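Biologist: Please take a close look at one part of this model, the place where the two chains meet. What holds there, and how are the copies related?

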2 protein chains.
Amino acid sequence: MEFGAKGFEAASTRAIAEGADAYQPQINYHFESKDALWVAAVDHLFELLMEAIGEVPRAEGYADAEHFGAAAAGTLRRFVRFAAAHPELNQIMVHEATDDSARLHLIVERHVRPLYQAITALWKELLQAGLAAPIDPSMAHYVIVGAASLPFVNAPEARLLTGVEPTDRAWVERHADGIIAALLPGYRGSDQPRPAATNTTSA
Amino acid sequence: MEFGAKGFEAASTRAIAEGADAYQPQINYHFESKDALWVAAVDHLFELLMEAIGEVPRAEGYADAEHFGAAAAGTLRRFVRFAAAHPELNQIMVHEATDDSARLHLIVERHVRPLYQAITALWKELLQAGLAAPIDPSMAHYVIVGAASLPFVNAPEARLLTGVEPTDRAWVERHADGIIAALLPGYRGSDQPRPAATNTTSA
DNA sequence: GTCTATAATTAGATAGAC
DNA sequence: GTCTATCTAATTATAGAC
């Protein structure tokens, strides 16, 4: 999607229309403005995200640290899979979050804050349960999102650099394995096979 | 810097000139074009980065895994400090790496590839030494950069969301501690105090 | 609703006085 | 080198025929 690949300003409504096999003025007919189209796209992508990750687990819902860790690992894995399938969402986030704009405020207050609060609360409980790496709960959200999504956000660069297609199913799953192992070192479930040093096609 | 905060297209030469207390046509006088200004800015930022992180360590330079791990941890810590001090570089990277453009090719071939190759080689040795988390070497670069830099790349969002100033010295160091603990679980040096679950000012 | 034509604004770049 | 004025091209949005 143009907004993700180029950012709001660089994404021309002409290019967006062409990508949808439509004419540029149709955007202003079906939406109020380029801004309104952007809001609709963001709303839609966050709906898909919430649907994909489901409820964020809380410690009280699980009998022991092992089961709690498995639930948290599942959430992380679903987030990695979503980031691979819909890179546009995290691309839009990094395009918008580098500057204090009206669009940033909208996206933060409408969509990110509830998610941020859920992740922060989860992380505090994971730390107490001895499952999580010692990362400040107030910023764990950024470490998780950054590590999990950058290979997909920057997929055009990754393809150039690495010779790997980051969205290949097997690579996505191994990436999720690595994220879970690094961020939840206290969890050693069947979810996370802890592979030995892997070989890959790279220089 | 405008290129980092807004991206190439959204950064107007008028705004850039105003930020430098100059007039817009002076950009075309002192540089050839907006493109040339961008290249000069990117070249300068990567020079600063290379200077800041120094040589990337190799296993053969160290007597044992403990010292090799300490060297790698130092490199990670210097990268985190640089990302906090100069968010523009990683902001420019995420703005450009979401689309396959001439600017992306320039930045990759001129600056990123040598760094990527050094990080990939380092990571393979860290895995062999049992120091690193089980992350695919071909993509370790993205996990490191994503986790280490997103709080600074998205600092405007982080300030809104968290009530934390991510560039505060103490927080930068704790962030580096967390990154090192998560990515180098086999290393337990004095570099990394492994603090107990930390308390912070957040909701 | 679709499509053409175009209005209104803004961008990067240039000319030329000083 | 600095600064004003302006050119050309591209943008979003709108008007109106069909």
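Modeller: Here is the interface, from its extent to its symmetry. This is a predicted model, in which local features need pLDDT of at least 70, side-chain atom pairs count only at pLDDT 80 or more, and totals for chains, interfaces and linings use all residues. Residues are numbered from 1 along each chain as its sequence is written, chains are lettered from A in the order in which they are written, and side-chain values use heavy atoms, without hydrogens and water.

Chain A puts 64 residues into the contact, and chain B 64 residues; contact means heavy atoms within 4.5 Å. Between them the chains bury about 5,500 Å², with 67% of it on carbon and sulfur atoms. Buried area is the accessible area (1.4 Å probe) that two parts lose on being put together, summed over both.

Four salt bridges link chain A and chain B. A salt bridge is a side-chain nitrogen of Lys or Arg within 4 Å of a carboxyl oxygen of Asp or Glu. A:D99 pairs with B:K6 in a salt bridge, their closest N and O atoms 3.2 Å apart.

On the side of chain A that touches chain B, helices supplying at least two residues each include α1 (2-6), α7 (102-128) and α10 (169-183). Helices here are DSSP runs (H or I, at least four residues), numbered from the N terminus. α8(A) gives the most, 12 residues.

Now the symmetry. A rotation of 180° with 0.0 Å of shift along its axis lays chain A on chain B, RMSD 0.0 Å. Superposition is by least squares on C-alpha atoms of residues with pLDDT of at least 70 in both. That is the relation of a two-fold axis. The same surface serves both copies, as 100% of the contact residues of chain A recur in chain B.
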